[in-house]
Amino acid sequence: IDIWTSNSVESLGFTGAADIAGSLDSLSERLAKGALLVVRDGPNGCWVSRAGEHQHVPGFKVQAVDSNGAGDAHCGVFLAGLAAGLDAPEAARRANAAAALAVTRWGPATSPGKPEVDAMLAEG
């Protein structure tokens with residue numbers, strides 16, 4: 001595969017690593033050379049890695065009410081960002097904003113639209 005995306009629990013469970021950095025290293029060894037890896041770390045944001053270079057992309061502080069659908073929102077907005085020409089860290093920042101907005105709502109169908117994500121990013 002060219003892109004791996006998971007949450008930290010899945011990544012740690014799959015690789016048996018003790019921490020996210022270790023799981024990224026293990027995944028890099030198992031996947032195609034140059035694969036793009038994204039591991040979500042809840043409110044801490046996510047980690048983006050390619051070719052052994054790991055970068056943390058911070059999350060956004062919000063009052064969470066339901067995490068259902070946050071991973072789906074993150075994945076969708078991340079891929080949309082890449083498709084729009086953003087580099088992986090910037091796409092991940094947008095995805096972190098979308099996931100943060102998603103957890104402020106009840107239920108699984110909570111992914112925000114582009115205007116909401118843009119507004120959150122503008123607020124910082």
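## A tour of the helices and their contacts

Start by selecting E116, which is partly exposed, its relative accessible area being 34%. The model on screen is a predicted one.

**Stop 1: E116 and R105**

Keep E116 selected and add R105. Their side chains form a salt bridge, with N to O at 2.2 Å. E116 belongs to helix α5, while R105 sits in the loop between α4 and α5, so the bridge connects distant parts of the chain, 11 residues apart. R105 is also partly exposed, at a relative accessible area of 26%. With the rule used here, the count of salt bridges comes to four.

**Stop 2: D118 and its two partners**

Stay on helix α5, residues 114–123, and select D118. Add R94: the closest N and O atoms of this salt bridge are 2.8 Å apart. R94 is in helix α4 and D118 in helix α5, so this pair ties together parts separated by 24 residues in sequence. Are the two residues buried or exposed? D118 counts as partly exposed, at 30% relative accessibility, whereas R94, at 14%, counts as buried.

Now add K114. A salt bridge joins K114 to D118, and here the closest N and O atoms are 2.9 Å apart. K114 and D118 are both in helix α5, four residues apart, or about one turn of the helix. An α-helix has 3.6 residues a turn, so residues three or four places apart point the same way. K114 counts as exposed, at 57% relative accessibility. With D118 as part of the set, salt bridges that share partners join R94, K114 and D118 into one network.

**Stop 3: the two sides of α5**

Show the rest of helix α5. Which of its residues are buried? They are V117, M120 and L121. These three lie on the same side of α5, because the arc they cover around the axis is only 100°. Helix α4 is among the elements that cover them. Turn the helix to its other side, where P115, A122 and E123 are exposed. Then step just past the end of α5 to G124, which takes a positive phi of about 100°.

**Stop 4: D87, ahead of α4**

Select D87, in the loop between α3 (70–83) and α4 (88–102). What does the side chain of D87 reach? It reaches the backbone nitrogen of E90, at 2.9 Å. For a distance check, pick the C-alpha atoms of D87 and C75: the two residues are 12 apart in sequence and 15 Å apart in space.

**Stop 5: L12 in α1**

From E90, draw a C-alpha to C-alpha line to L12. The two residues are 78 apart along the chain, and the line spans 24 Å. L12 is part of helix α1 and is partly exposed, with a relative accessible area of 26%. Leaving out residues up to four places away in sequence, L12 touches A17, A18, D19, I20 and S23.

**Stop 6: the buried side of α2**

I20 and S23 lead into the next selection, helix α2, residues 20–30. I20 and S23 are buried there, as are L24, S26 and L27. These residues are on the same side of α2, because they cover an arc of only 165° around the axis. The elements that cover them include β1, α1, β2 (36–40), β3 (46–50) and β4 (53–57).

**Stop 7: W4 and F14**

Two of those covering elements, β1 and α1, meet again here. How many aromatic pairs are there? The count comes to one. Select W4 and F14: their rings form a tilted pair, 5.3 Å from centre to centre, with 40° between the planes. W4 lies in strand β1 (residues 3–7) and F14 in helix α1 (residues 8–15), so the pair links distant parts of the chain, 10 residues apart. W4 is buried, with a relative accessible area of 15%, whereas F14 is partly exposed, at 47%.

**Stop 8: the annotated range**

Finally, select residues 2–111. UniProt, in an unreviewed entry, lists this range as "domain: Carbohydrate kinase PfkB". Over these residues the chain is 44% helix and 18% strand. The C-alpha atoms at the two ends of the range are 24 Å apart.

Note on methods
Residues are numbered from 1 along each chain as its sequence is written. This is a predicted model: local features need pLDDT of at least 70, side-chain atom pairs count only at pLDDT 80 or more; totals for chains, interfaces and linings use all residues. Side-chain values use heavy atoms; hydrogens and water are left out. Rings of Phe, Tyr and Trp (its six-membered ring) pair if their centres lie within 6.5 Å; planes under 30 degrees apart count as stacked, over 60 as edge-to-face and the rest as tilted. Buried means under 20% relative accessible area, exposed over 50%, partly exposed in between (1.4 Å probe, protein chains only). A polar contact is a pair of N or O atoms within 3.5 Å; within protein, one must be able to donate a hydrogen and the other to accept it, and residues adjacent in sequence count only if both atoms are side-chain atoms. The arc is that of the directions from the helix axis to the C-beta atoms. Contact means heavy atoms within 4.5 Å. UniProt positions are given in the numbering used here, feature names are shortened, and annotations may be inferred rather than shown by experiment.
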